[in-house]
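Work through the exercises below with the model open. Try each task before reading its solution.

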Amino acid sequence: MLVSPSLLSADFGNLAPDLEMINSSQADYLHLDVMDGVFVPNISFGFPVMKAVAARCVKPLDVHLMIVQPDKWISQVRDLGAEIMNVHQEACPQLHSVVQRIHQAGMKAGVTINPATPVNTLVDIIEDVELVLVMSVNPGFGGQKFIPNALKKVRELRQLVDTTASKAIIEVDGGVNGATGRQLAEAGADMLVAGSYVFGSADPAQTILELKALSD
Ligand code: DX5
Ligand code: ZN
């Protein structure tokens, strides 16, 4: 299992030790949650903070933009050195064009779907993206309860990816812990985001290892 710990649950008053933990852990990515107070009812952090974080982080960045008009920020996300740029399907009326522009900027394109957005809305983009991010909570806050319907969506998505030319990785975000992580692995997820479960645990590096060990 690929694991992408979310910085949203780190100590914003003292990020350096949490970044050192991530750097020396087995985490595959660092997940950065950008919120604008419009697309979601919360504001997190922006580019000045992410630049400082990127400079201290040795893991590839998995940037999750919970903002309207995410395409306005493609070059800024690229300048962070991000490997993956995730945009919400619901925020992109011209999703195909946005995906092309993310690729032109040299990044992997991820398309994210909210809990009420069906998997079948991705049928005509699935072969063009490197990743699909399934939200298993309504985006905006860490520490929420996992929505079980996400398991059905991951199964549907697994089937869609496996029956097309798509090579998309299936990532899941929200309410991930040991128990929901195991169910998601069985459903066909490739990559898990975890915020409160990792940073709220007594031994975050060990918790990352525990999630990494999950397989179907
Ligand atoms: C929620 C964010 C998540 C958040 C997950 O809107 O997209 O990445 O950090 O937090 P947990 O793992 O605590 O549910
Ligand atoms: Zn996220």
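**Exercise 1. Is S166 buried or exposed?** Then place S166 in the fold and list the polar contacts of its side chain.

*Solution.* Note that the model is predicted.

Step 1. Take the relative accessible area of S166, which is 8%. Buried means under 20%. S166 is therefore buried.

Step 2. Locate the residue. S166 belongs to the loop between α5 (149-162) and β7 (169-173).

Step 3. Look for partners of the side chain. A polar atom of the S166 side chain lies 3.0 Å from the backbone oxygen of I126. The S166 side chain also reaches the backbone nitrogen of A168, at 3.0 Å. Both pairs can be checked against the 3.5 Å cut-off for a polar contact.

**Exercise 2. Which residues come nearest to ligand 1, and which polar atoms face its oxygen atoms?** Find how much of ligand 1 the protein covers.

*Solution.* Step 1. Start with the neighbours. There are 20 residues around ligand 1, and G140, G143, D173, G195 and S196 come nearest.

Step 2. Go through the polar pairs. D173 places a polar side-chain atom 2.7 Å from an oxygen atom of ligand 1. For D33, a polar side-chain atom lies 2.8 Å from a ligand 1 oxygen. G143 uses its backbone instead: an N or O atom there lies 2.8 Å from an oxygen of ligand 1.

Step 3. Compute the cover. On its own, ligand 1 has 380 Å² of accessible area, and the protein covers 100% of that.

**Exercise 3. Where does ligand 1 sit, and which elements give two or more residues to its shell?** Sort the shell by residue class.

*Solution.* Step 1. Assign the site. Ligand 1 sits in the largest pocket.

Step 2. List the elements. Those that give two or more residues to the shell are β2 (30-35), β3 (61-66) and β8 (191-194). β2 gives the most, with three residues.

Step 3. Sort by class. The shell holds eight nonpolar, ten polar and two charged residues. Glycine is counted as polar here.

**Exercise 4. What is the sign of phi at Q69?** Place Q69 and classify its exposure.

*Solution.* Step 1. Recall the background. Most residues other than glycine have a negative phi.

Step 2. Read the angle. Q69 is not a glycine, yet its phi is positive, at about 45°.

Step 3. Place the residue. Q69 lies in the loop between β3 and α3 (74-79).

Step 4. Classify the exposure. The relative accessible area of Q69 is 43%, so Q69 is partly exposed.

Methods. Residues numbered from 1 in each chain as written. Chains lettered and ligands numbered in written order. Predicted model: local features only at pLDDT ≥ 70, side-chain atom pairs only at ≥ 80, totals over all residues. Heavy atoms only, no water. Near = heavy atom within 4 Å. Polar contact = N/O pair within 3.5 Å; in protein donor to acceptor, adjacent residues only side chain to side chain. Areas by Shrake-Rupley, 256 points an atom, 1.4 Å probe, with all protein chains shown as cover. 1 Å grid on protein atoms, 1.4 Å probe; cavity = no way out; pocket = protein on both sides within 12 Å on 5 of 7 lines; lining within 4 Å. Sits in = over half its atoms within 2 Å of the grid points. Helix = DSSP H or I, 4+ residues; strand = E, 2+ residues; numbered from the N terminus. Buried < 20%, exposed > 50% of the residue type's maximum accessible area, 1.4 Å probe, protein only.
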